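Trainee: I would like to learn how to read a model of this kind step by step, from the overall fold down to single residues. Could we go through one together?

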Amino acid sequence: MLDAGCGVGSAALCLAARVPQCRVIGLELQRDLVRVAGDNVALNGMSTRISVMAGDLLAPPPRLSPGMFDHVMANPPFIERGRGSPPANPAKTAATIEGDANLGDWVRFALAMARGKGTVTFVHRADRIDALLGHLAGRAGEVVIFPLWPAAGRPANRVLVRATKQVQTPARLMPGLVLHDADGRFSEVAEAVLRGGAALDL
């Protein structure tokens with residue numbers, strides 16, 4: 001499994017904890033985050049199952065070969081270059097605003113790294129779902145859209161989108177997950193995922 005833009009390794013660690021048989025490689029552009037991710041992996045006793053490398057998806061390290069992963073996941077920068085105000089923290093800017101690699105580049109990289117009939121999963125802003133689906137069109141199918149609702153009755157801010165490479169099965173829109181109850185606390189289902197390690201029904 002490949003975690004593209006793995007940051008400090010949070011998603012990779014969660015996946016490894018939930019799926020004991022999986023092995024994860026993390027790719028991260030920011031070298032300071034690679035060091036933190038490596039420390040997090042070691043502190044959680046996952047060094048035999050998770051490795052993290054510095055690299056740019058526009059010029060992938062030789063260790064990464066196209067088609068070598070059953071699954072690729074990514075949480076790309078949400079904001080298009082030229083839109084929005086950059087945060088004061090450069091690391092935060094790199095994580096939230098597209099740099100040299102735009103959304104299309106992220107999708108192309110993920111699909112290239114996935115094996116035939118392998119899957120890719122993206123976390124992205126709900127208001128850019130049309131762009132994300134456009135980049136997947138003709139390249140992957142069996143698309144599953146899983147909204148993350150901040151609270152009941154409120155529009156989704158984020159979506160999970162999973163697709164399968166080289167298939168043409170129709171898309172499915174799932175009920176999604178309500179993150180917070182009316183009092184602002186995490187919902188029971190969200191707590192089960194965050195604290196109990198429950199899987200999402202995709």
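**From fold to residues**

Mentor: Let us begin with the secondary structure, bearing in mind that this is a predicted model: the chain holds six helices and nine strands.

Trainee: What does the radius of gyration of the chain say when it is set against that of a compact globule?

Mentor: The idea is to compare the value with what a compact globule of the same number of residues would have. For 202 residues that expectation is near 17 Å, and because the chain has 17 Å, the two agree. Along the principal axes, the C-alpha atoms fill a box of roughly 45 × 40 × 40 Å.

Trainee: How much of the chain is buried, and what does its surface consist of?

Mentor: Burial is judged by relative accessible area, with under 20% as the cut-off. Buried residues make up 42% of the 202 residues, while the exposed area of the chain comes to about 10800 Å², of which carbon and sulfur atoms supply 55%. As for charge, the chain carries 22 positive and 18 negative charges, and their mean positions lie 4 Å apart.

Trainee: What share of the contacts in the chain joins residues 24 or more positions apart?

Mentor: Among contacts with a separation of 6 or more, such pairs account for 68%.

Trainee: Which residues of the largest nonpolar core touch the most other members?

Mentor: A nonpolar core is read as a set of buried nonpolar residues joined through their side chains. The largest one here has 31 residues, and those that touch the most other members are Leu-2, Leu-64, Val-72, Phe-109, Val-120, Phe-122 and Leu-136. The elements that give two or more residues to this core include strands S1 (2-4), S2 (24-28), S4 (69-74) and S5 (114-125), as well as helices H4 (103-113) and H5 (129-136). Helix H4 gives the most, with seven residues. There is also a second, separate core of ten residues, which includes Met-1, Leu-13, Ala-16 and Val-24.

Trainee: With which residues is Leu-2 in contact, once its neighbours within four places in sequence are left aside?

Mentor: Leu-2 is in contact with Ile-25, Leu-27, Leu-64, Phe-69, His-71, Val-72, Met-73, Phe-109 and Met-113.

Trainee: Where should I look for a positive phi in a residue that is not a glycine?

Mentor: Two places can be examined in turn. Lys-117, found in strand S5, has a positive phi of about 70° although it is not a glycine, and it counts as partly exposed because its relative accessibility is 47%. Gln-166 has a positive phi near 65° and lies in the loop between S7 and strand S8 (172-173).

Trainee: How far is Gly-116 from Lys-165, and is Gly-116 buried or partly exposed?

Mentor: Gly-116, which is also found in strand S5, has its C-alpha atom 6.0 Å from that of Lys-165, although the two residues are 49 residues apart along the chain. With 35% relative accessibility, Gly-116 counts as partly exposed.

Trainee: Which residues does Arg-18 touch beyond those up to four places away in sequence?

Mentor: Arg-18, which lies in helix H1 (residues 10-18), touches Val-193, Leu-194, Gly-197 and Ala-198. Its C-alpha atom is 7.7 Å from that of Ala-199, a residue 181 residues away along the chain, and Arg-18 is partly exposed, with a relative accessible area of 34%.

How values were computed. Residues numbered from 1 in each chain as written. Predicted model: local features only at pLDDT ≥ 70, side-chain atom pairs only at ≥ 80, totals over all residues. Heavy atoms only, no water. Helix = DSSP H or I, 4+ residues; strand = E, 2+ residues; numbered from the N terminus. Rg over C-alpha atoms; globule rule 2.2 N^0.38 Å. Buried < 20%, exposed > 50% of the residue type's maximum accessible area, 1.4 Å probe, protein only. Contact = heavy atoms within 4.5 Å. Areas by Shrake-Rupley, 256 points an atom, 1.4 Å probe, with all protein chains shown as cover. Lys, Arg positive; Asp, Glu negative; His and termini not counted. Charge placed at Lys NZ, Arg CZ, Asp CG, Glu CD. Core = buried A, V, L, I, M, F, W, Y, C linked by side-chain atoms within 4.5 Å.
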